[in-house]
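Trainee: I have a structure open and some terms to test. Can we go through them one at a time?

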Amino acid sequence: MSILKHMLAAAVGAAALAGLSASASAQTIGFSQVGSESDWRTAFSADMKAEAEKRGIKLQFSDAQQKEENQLKAVRSFIAQKVDAIIIAPVVVTGWDQVLKEAQAAKIPVFIADRAVESDPSLFVTRIAADFNLEGRLAGAWLAQASKGNCNIVELQGTVGSAPAIERKKGFEAVISLFPNMKIVKSQSGNFTTSGGKEVMESFIKATDGLKDVCAVWAHNDNMMLGAIQAMKEAGLKPGKDVLTVSVDGVPDIFKAMLAGESDASVELKSDIGKYIYDVVQGYLKGKHDYPKWVLIPSDLHTPADAAEMLKKKGG
Ligand code: AHR
């Protein structure tokens, strides 16, 4: 073999070894996701998977189907697998302390994404998420100006005990409490699903004699609003005209509804947030340990004025 061939073989061998050690050291991250209850959630899961692949992360993805007990099992299995880090998007805020202590005892850092937990903050590194309370306040402020401070509202709440349902409600109520003629006349959970929103809205329509004296529907997410829009149309009402609508998420179908004149406003909750989440997780694994306890992702309100632009941005 010529010297040149020897050198080439050595170089190829070294490259193969480097490749091997890179893949051997690829980070394994466990992600316990809430479920697939809404279009927003499905988009968020897809983004987390795509971004992990881009970064060469081995993602252990677990769909909890909206059940906390499934999340607890998933986290315990991530601990048993000795993953490098765990990301949890928790269904509800309570019930996390024990499993977080187990992860801490196993020296596996935990990151909370999207929804919050009501646990001792020393049990997780940080939460990377939007401000749900602000989203509720933005929705309330929009409705206050659209109705000139006079409005009977029916509310479709998200999953009971979840951070977005708790905080969006609080934020919205904080704003409307400033207006003596704005009040919530009916409120019930539709569990963040289209079918739940439709079912609850049908019962509201019956109970209020076809939404008599109701000026607006406020839904904690777009999917429930899309279900409510169907229910109103089936009852012969004109959502977006007879009754104002405001919701949260900014999914493609709500912008389509705006363009059809059936929806008035939605606060966008960004779903392409894998890049922010993995930046923090990988930054931590590389040694950056001074993250604040909340890494904030901004949200903003959209109306028919920019619905076409938003729809295009979201590829709809
Ligand atoms: O936690 C965020 C909320 O969860 C989204 O607004 C809703 O669509 C989802 O189910």
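Mentor: Start with the largest pocket of this predicted model. About 230 Å³ of space lies in the largest pocket.

Trainee: What makes a residue part of the lining of the largest pocket, and how many residues line the largest pocket?

Mentor: A lining residue has an atom within 4 Å of a pocket point. For the largest pocket, 14 residues make up the lining. Nearest its centre lie E268, S271, D272, K313 and K314.

Trainee: Which helices supply at least two residues each of that lining?

Mentor: Helix 2 (39-55) and helix 10 (274-285). Helix 2 gives the most, with 3 residues.

Trainee: How do the lining residues divide into nonpolar, polar and charged?

Mentor: There are 7 charged residues, 5 nonpolar and 2 polar.

Trainee: Now the helix pair. Why are helix 5 and helix 6 called oblique to each other?

Mentor: Set the angle against the cut-offs. Helix 5 (residues 132-146) and helix 6 (residues 163-176) pack at about 40°. Roughly parallel needs an angle under 35 degrees, and roughly perpendicular runs from 65 to 115. An angle of about 40° fits neither, so the two helices are oblique.

Trainee: How far apart are their axes, and which hand does the crossing have?

Mentor: The axes are 6 Å apart. The crossing is right-handed.

Trainee: What counts as contact, and which residues of helix 5 and helix 6 meet?

Mentor: Contact means heavy atoms within 4.5 Å. From helix 5, the residues include F132, R137 and L143. Among their counterparts in helix 6 are P164, F172 and V175. The contact residues divide into 8 nonpolar, 4 polar and 5 charged.

Terms used. Residues numbered from 1 in each chain as written. Predicted model: local features only at pLDDT ≥ 70, side-chain atom pairs only at ≥ 80, totals over all residues. Heavy atoms only, no water. Axes fitted to C-alpha atoms, helices over the stretch in contact; angles between N-to-C directions. Helix = DSSP H or I, 4+ residues; strand = E, 2+ residues; numbered from the N terminus. Parallel < 35°, antiparallel > 145°, perpendicular 65-115°, else oblique. Left-handed = near helix turned anticlockwise from the far one by under 90°. Nonpolar A, V, L, I, M, F, W, Y, C, P; charged D, E, K, R; others polar. 1 Å grid on protein atoms, 1.4 Å probe; cavity = no way out; pocket = protein on both sides within 12 Å on 5 of 7 lines; lining within 4 Å. Points joined across faces, edges and corners; volume = space filled by probe spheres on them.
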